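Trainee: I would like to go through this structure step by step. Please keep to what can be read from it.

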Amino acid sequence: MAAKMVHTCIHVLDLDASMRFYEDALGLTEDSRLEPEDKSWAIVFLGNDTTDFRLELTWNKGRTEPYENGTSDTHLAFEVDDMDEAHHVHERMDCIVHENKGMGIYFITDPDGCWIEIIPSSKIQLNDAFVIGIDVGGTATKLGVFTGSGELVGKHAFASIPVLTKEAFTPIAEQLAIILRASSVSASQVVGVGLAVPGPVTPENEFVVCPNLDLDLHAYKSFLEAEFPKAAVAVINDANAAALGDQWQGSASKSACENFVLVTLGTGIGAGIISRGELLTSSAGAVGEIGHLCVEPVDG
């Protein structure tokens, strides 16, 4: 048996307000309608020309109590081709209720409290695509291969080496080849690479200081761009990367926590700070560098 999804239904308190919302926010207009002669109820199907899937709005005359349509656990999801434009529209409508910067998605809510997930086009096309996380530590470099939804496919670690000359990339390339083979993933399937490094990183991908390791950040990024030509390569402080990862898939995500500090303890000490769902950064990239605080003990 083959089954095809055709529509999803939500109950609405104010039909006109809901129809205006879905047209203004998502470009959905009335496709068809069912209603009796006495107008005691109405079922309106909304859609657009991108799909034959429809949203059903069910309205009952005389209803005064809001419906319980669910929140983020039961929601609609819409793919958009321009996240910046969509975010601008929804911000102007004041309907954004939650943002997950780590995943690159956000939620809006309609007049009846139904949560709607807004997803960039690339998120829908990651079935056969993978991302690689590279955590360069003062002692060890750790590699992880993940699906687009964050599922760990493979991991590997090796002793960190100074990266100041082209020769240093030969052993790194060999280590990357090991984890790709073990994960049954080809370089052409990698659409994103995150390079987490032990030191403050400016928005221009400049190192302010790199304790415990000699590292040419620009050369490392260029090497990764050559190894994975289809991938976007991002550079970030390691503690900040850990905080964003926890916000996406860790304990902060599970508890819907929007304000937390994640402290990393390794060869060095650092912290990533999330406030109101946003990663705190600065022009020098040194927010959270608690391991470099100068402390002068005072005799009691």
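**Sheets, helices and one histidine**

Mentor: Start with a pair of strands: β3 (residues 41-48) and β4 run antiparallel and are joined by 7 bridges. Keep in mind throughout that the model is predicted.

Trainee: How many residues are there in the hairpin that joins β3 to β4?

Mentor: The two strands run antiparallel. Asn48 of β3 stands opposite Thr51 in β4, and Val44 stands opposite Leu57 in β4. The hairpin joins β3 to β4 through 2 residues.

Trainee: Which strand is joined to β4 by 6 bridges, and does it run parallel or antiparallel to β4?

Mentor: One bridge to look at is that of His7, whose partner in β4 is Arg54. The strand in question covers residues 7-12, and β4 covers residues 51-60. The 6 bridges join β4 to β1, and the two run parallel.

Trainee: Which strands are at the edges of this open sheet?

Mentor: The sheet has 4 strands in the order β1-β4-β3-β2, with mixed pairing. Neighbouring strands are turned by 25° against each other on average, direction ignored. An edge strand pairs on one side only, and here the edge strands are β1 and β2 (29-34).

Trainee: In the open sheet of 3 strands, what is the order?

Mentor: β14 is joined to β15 by 6 bridges, antiparallel, and Leu265 stands opposite Ile269 in β15. β15 (residues 269-275) is joined to β16 by 2 bridges, also antiparallel. β14 (260-265) and β16 (278-279) each have a single partner strand, so one side of each is left without a neighbour in the sheet. The order is therefore β14-β15-β16.

Trainee: Which residue in the turn between β15 and β16 has a positive phi?

Mentor: Ser275 has Glu278 as its bridge partner in β16. The strands β15 and β16 form a hairpin with 2 residues between them. The phi in the turn is about 55°, and the residue is Arg276.

Trainee: Which helix lies across β14, β15 and β16?

Mentor: The helix covers residues 238-249. Its direction is at about 45° to β15. The name is helix α6.

Trainee: How are α4 and α5 oriented to each other?

Mentor: The axes of helix α4 (residues 169-183) and helix α5 (residues 217-227) come within 12 Å and cross at roughly 45°. That angle is neither under 35 degrees nor in the range 65 to 115. The two helices are therefore oblique to each other.

Trainee: Which residues make that contact, and how many of them are charged?

Mentor: From α4 come Phe169, Ile172, Ala173 and Leu176, and from α5 come Ala219, Tyr220, Phe223, Leu224 and Glu227. By class they divide into 8 nonpolar and no polar residues, and the number of charged ones is 1.

Trainee: Is the crossing of α4 and α5 left-handed or right-handed?

Mentor: The crossing angle is roughly 45°. As α4 passes α5, the crossing is right-handed.

Trainee: At roughly what angle do the axes of α1 and α2 cross?

Mentor: The axes of α1 and helix α2 (residues 83-93) come within 9 Å. The contact is made by Phe21, Asp24, Ala25 and Leu26 of α1 and Val89, His90 and Met93 of α2. By class, this contact has 5 nonpolar, 1 polar and 1 charged residues. The axes cross at roughly 145°.

Trainee: How far apart in space are His98 and Arg276?

Mentor: His98 is in strand β6 (residues 96-100). Not counting residues up to four places away in sequence, His98 touches Tyr106, Phe107, Trp115 and Glu258. His98 and Arg276 are 178 residues apart in sequence, and in space, C-alpha to C-alpha, the distance is 9.8 Å.

Trainee: Which element has the lowest mean pLDDT?

Mentor: For the protein the mean pLDDT is 83, and 86% of the residues reach 70 or more. Among its elements, helix α1 (residues 15-26) has the highest mean, 94. The lowest, 52, belongs to helix α3 (residues 121-124).

Terms used
Residues are numbered from 1 along each chain as its sequence is written. This is a predicted model: local features need pLDDT of at least 70, side-chain atom pairs count only at pLDDT 80 or more; totals for chains, interfaces and linings use all residues. Side-chain values use heavy atoms; hydrogens and water are left out. Axes are lines fitted to C-alpha atoms, for helices over the stretch in contact, and angles run from 0 to 180 degrees between N-to-C directions. Angles under 35 degrees count as roughly parallel, over 145 as roughly antiparallel, 65 to 115 as roughly perpendicular and the rest as oblique. A crossing is left-handed if the near helix is turned anticlockwise from the far one by less than a right angle, and right-handed if clockwise. Contact means heavy atoms within 4.5 Å. Ala, Val, Leu, Ile, Met, Phe, Trp, Tyr, Cys and Pro count as nonpolar, Asp, Glu, Lys and Arg as charged, and the others, Gly among them, as polar. Two strands pair if DSSP finds at least two bridges between them. pLDDT is the predictor's confidence in each residue, from 0 to 100.
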